[in-house]
Amino acid sequence: MKLNVWVCGSVGFLWVIAMILLLSATGVFAEDIIATTSNGSTVILHENGRWEYYQNNAKVRDVRPSAIPEDAKFQITVNYESANKIKKDVRMMMEGDFATEEEIRDSLRKVPKGGMVYFQVPTNQIKPGFTRELTYYIYDKGKKPIFSQTARDSEAKPTAESSKVSNLMVVPLFAKPKSKVLKAKVVSESAKQSLEFDIPIK
């Protein structure tokens with residue numbers, strides 16, 4: 001009797017192991033894939049064809065190319081320019097235009113103490129007839145943003161350096177940052193998506 005129980009128990013155990021191996025082979029227990037998109041965002045790809053931003057796991061969407069919203073393909077970069085760098089550039093430009101020292105000093109007084117933050121995008125991503133409304137946030141210390149504003153990407157302006165890059169939003173910081181790394185977020189309410197950035201203060 002003990003032998004029969006042992007044999008039945010062993011057979012049952014082997015059956016469970018076999019089923020686990022079979023299910024694993026067919027992908028039922030397949031792990032999610034973490035991938036990086038062409039714009040640098042980290043996403044989780046699920047076995048069932050759904051996807052989600054890695055930092056925003058509650059918002060799951062379809063991963064098939066036909067179903068990925070355009071905002072998911074939208075490449076945004078955030079750049080910071082210190083007040084000292086801006087002052088040097090202003091001085092150099094005005095000296096090149098033979099401005100007087102008094103005129104230069106007047107211009108330097110207008111430079112924001114905390115520098116500037118630039119939200120930028122390749123100009124060719126701004127397409128007529130497909131306008132994105134985006135909300136921009138900047139955080140210093142704490143959970144309350146020091147800046148927030150909503151604007152359409154059709155209002156973007158090409159940068160002075162290159163027409164291939166456009167400024168979506170240019171934000172003057174009127175106080176010196178308290179932290180060494182500012183946080184920024186760009187939110188599309190219509191697509192229920194957000195991108196988050198770290199901005200090192202140099």
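In this predicted model, Lys157 stands opposite Asn167 of strand 10. The two strands involved, strand 9 and strand 10 (residues 165-172), run antiparallel and are joined by 2 bridges.

**The four-stranded sheet**

Strands 9 and 10 belong to an open sheet of 4 strands in the order 5-6-10-9, with antiparallel pairing. Strand 5 (77-81) and strand 9 (157-158) are the edge strands; each has a single partner strand, so one side of each is left without a neighbour in the sheet.

Moving across the sheet from strand 5, the pairing with strand 6 is antiparallel and comprises 5 bridges. Within this pairing, Tyr80 has Val117 of strand 6 as its bridge partner. Strand 6 is in turn joined to strand 10 by 7 bridges, again with the strands running antiparallel. Here Met116 stands opposite Pro172 in strand 10.

How many residues of strand 6 are buried? In strand 6 (residues 116-122), 6 of the 7 residues are buried, so this strand is largely enclosed by the rest of the structure. In a regular strand, side chains alternate between the two faces of the sheet.

**Strands 7, 8 and 11**

Strand 7 also has 6 of its 7 residues buried, and is therefore largely enclosed by the rest of the structure. Strand 7 pairs with strand 8 in the antiparallel sense over 6 bridges, and Tyr137 stands opposite Ser148 of strand 8. Strand 7 also pairs with strand 11 (residues 181-188), in the antiparallel sense and over 5 bridges. In that pairing, Thr135 has Val187 of strand 11 as its bridge partner.

**Salt bridges**

The count of salt bridges comes to 9. Side chains of opposite charge can pair when their charged atoms come close. Three of the pairs are listed below with their N to O distances.

| Pair | N to O distance |
|---|---|
| Asp89 and Lys85 | 2.8 Å |
| Glu95 and Arg91 | 3.2 Å |
| Arg132 and Asp153 | 3.2 Å |

What does the Arg132 and Asp153 pair tie together? Arg132 lies in the loop between strand 6 and strand 7 (133-139), and Asp153 in the loop between strand 8 (147-152) and strand 9, so the salt bridge ties together parts that are 21 residues apart in sequence. Arg132 is buried, with a relative accessible area of 5%. Asp153 is buried as well, with a relative accessible area of 1%. Both values fall under the 20% cut-off for a buried residue.

Asp89 and Lys85 are 4 residues apart in helix 2, a separation of about one helical turn. Asp89 is partly exposed at a relative accessible area of 35%, and Lys85 is partly exposed at 41%.

Glu95 and Arg91 are likewise 4 residues apart in helix 2, and about one helical turn separates them. Glu95 has a relative accessible area of 44% and is partly exposed. Arg91, at 27% relative accessibility, also counts as partly exposed. Both residues take part in a network of salt bridges that links Arg91, Glu95, Glu101 and Arg105.

**The loop after helix 2**

Where is Phe98 placed? Phe98 is in the loop between helix 2 (83-96) and helix 3 (101-109). Its backbone has a positive phi of about 60 degrees, although Phe98 is not a glycine. Is the residue buried or exposed? Phe98 counts as exposed because its relative accessibility is 74%, and the cut-off for exposed is over 50%.

**The protein as a whole**

The secondary structure consists of 3 helices and 12 strands. The protein has 202 residues, and buried residues make up 34% of them. Its accessible surface comes to about 13,800 Å², and carbon and sulfur atoms account for 58% of that area. Among contacts in the protein with a separation of 6 or more, 52% are between residues 24 or more positions apart.

Conventions: Residues numbered from 1 in each chain as written. Predicted model: local features only at pLDDT ≥ 70, side-chain atom pairs only at ≥ 80, totals over all residues. Heavy atoms only, no water. Buried < 20%, exposed > 50% of the residue type's maximum accessible area, 1.4 Å probe, protein only. Pairing = 2+ DSSP bridges. Contact = heavy atoms within 4.5 Å. Areas by Shrake-Rupley, 256 points an atom, 1.4 Å probe, with all protein chains shown as cover. Salt bridge = Lys/Arg side-chain N within 4 Å of Asp/Glu carboxyl O.
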